[in-house]
Amino acid sequence: MTAPPLTVSGLRKRFGSIQAVDGITFHLDAGETYGLLGPNGAGKTTTISMVAGLLSPDSGDITVAGRRMTTTADDAKALIGYVPQDVAIYPDLSARENLMFFARLYGLSATDARRRTDEVLQTIGLADRARERTKQYSGGMKRRLNIGIGLLNRPKLLILDEPTVGVDPQSRNAILESVAQLSREGMAVLYTTHYMEEAERLCDRVGIIDHGKLIAEGSQEQLVSLVGEEDRVTLSATGDIPHAVDTLRSQPWIKQADAANDGAVLVVDGARAHLPAILQEVAAAGVGVRSVEVSEPDLESVFLHLTGRALRD
Ligand code: ATP
């Protein structure tokens, strides 16, 4: 049996008084896209910096395709492509020149480097802009090139750290599509994000990470089933919203009620059945409702359910 593309077991890392990673264990199956989903500061970057062999864990073990990953394990590092959050390309070189430079750095011959550069330019959708200096690129194009650099060595495992942060919608879509395509071609992908839509769209399995711990793991379906029948109702409203929220809280089918700037967010057991009662209570509290949105459980609600907080606080 071939070894899984990644195993992580009992990983821990402390920075001074902060336990950034607190005993994380997970693995990737062949061809799987696995998402680490969690808010800012949850420990995602620290985890994958250790997975990529850039940072030594305090304890725990990591293997990539059966090889132990450490900061000095060149054999394990040769099997991964790591795309950091910060773009690391040369602004005065074109995309082609950047790729050629990194390909040669990886030890490819000039002929192989040219061939691989052409392939990667196609994959990241930059073939027609390949000769422009990258300082003229949009943020999203720079990110795509950054991903391309991570693909040059045909990695067994591609590690992407929040690759769409600060990217325009068109490039974001292109990045997500490239990742989906690489996954269809059989590459294992470890993906970190705090955007639940990306985890939902791309990932076969998701690990929800908070305060350095993996608090739940599974397919989207499995994770959502943790929430049960709880729906989210978002009210856009004016008036004494805190008072309305207080009255709603006394109902047994209201699991959570929070006032927001211009309305309220409720977690409701069976929202559709209770919607008329919600609107009645709110009107009786003197609050005028402008709009109501009911959403079925998603990964955001899973996070709320498990932690009592929103993913993007
Ligand atoms: P983000 O989405 O903001 O990148 P994250 O989930 O990747 O967040 P980490 O960057 O792993 O989170 O950070 C986890 C915790 O460890 C945070 O509290 C962070 O401030 C702290 N931390 C990370 N790196 C260091 C460091 N080099 N020195 C001190 N503290 C650090």
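## A word on crossings

A crossing of two helices is called right-handed if the near helix is turned clockwise from the far one by less than a right angle, and left-handed if the turn is anticlockwise. By that rule, helix α3 passes helix α5 in a right-handed crossing. Keep in mind that this is a predicted model.

## The chain as a whole

The chain has 313 residues, and 48% of them count as buried. Its secondary structure adds up to 11 helices and 14 strands. Taken along its principal axes, the C-alpha trace spans about 75 × 45 × 40 Å.

What about contacts between parts of the chain that sit apart in sequence? Take those between residues at least 6 apart: 68% of them join residues at least 24 apart.

## How α3 and α5 pack

Back to that helix pair. α3 covers residues 95-105 and α5 covers residues 139-151, and their axes lie 10 Å apart at an angle of about 25°. Angles under 35 degrees count as roughly parallel, so α3 and α5 are roughly parallel to each other.

Which residues meet where the two helices pack? From α3 come Ala95, Asn98, Leu99 and Phe102, and on the α5 side they meet Leu145, Gly148 and Ile149. The general rule for an α-helix is 3.6 residues a turn, so residues three or four places apart point the same way.

## Helix α10 and its kink

Helix α10 runs over residues 271-284, which makes 14 residues. From first C-alpha to last it reaches 19 Å, close to the 20 Å expected at 1.5 Å a residue. There's a kink in α10 all the same, of about 30° and centred on Ala277.

Ala271, Ile278 and Val282 are buried in this helix. What do the buried residues of α10 pack against? Their partners are the strands β11 (230-238), β13 (263-269) and β14 (288-295), along with helix α9 (241-249). After α10 comes Gly286, with a positive phi near 80°.

## Glu296, in a loop

Glu296 sits in the loop between β14 and α11 (299-307). Is Glu296 buried, exposed or partly exposed? Its relative accessibility is 47%, and the partly exposed class lies between 20% and 50%, so Glu296 counts as partly exposed.

Setting aside neighbours within four places in sequence, Glu296 is in contact with Asp231, Arg272 and Ser301. Take Asp231: it is 65 residues away from Glu296 along the chain, yet the C-alpha atoms of the two are separated by 4.8 Å.

Terms used
Residues numbered from 1 in each chain as written. Predicted model: local features only at pLDDT ≥ 70, side-chain atom pairs only at ≥ 80, totals over all residues. Heavy atoms only, no water. Helix = DSSP H or I, 4+ residues; strand = E, 2+ residues; numbered from the N terminus. Expected span 1.5 Å × (residues − 1). Bend = angle between axes of the 7 residues up to and from the residue. Buried < 20%, exposed > 50% of the residue type's maximum accessible area, 1.4 Å probe, protein only. Contact = heavy atoms within 4.5 Å. Axes fitted to C-alpha atoms, helices over the stretch in contact; angles between N-to-C directions. Parallel < 35°, antiparallel > 145°, perpendicular 65-115°, else oblique.
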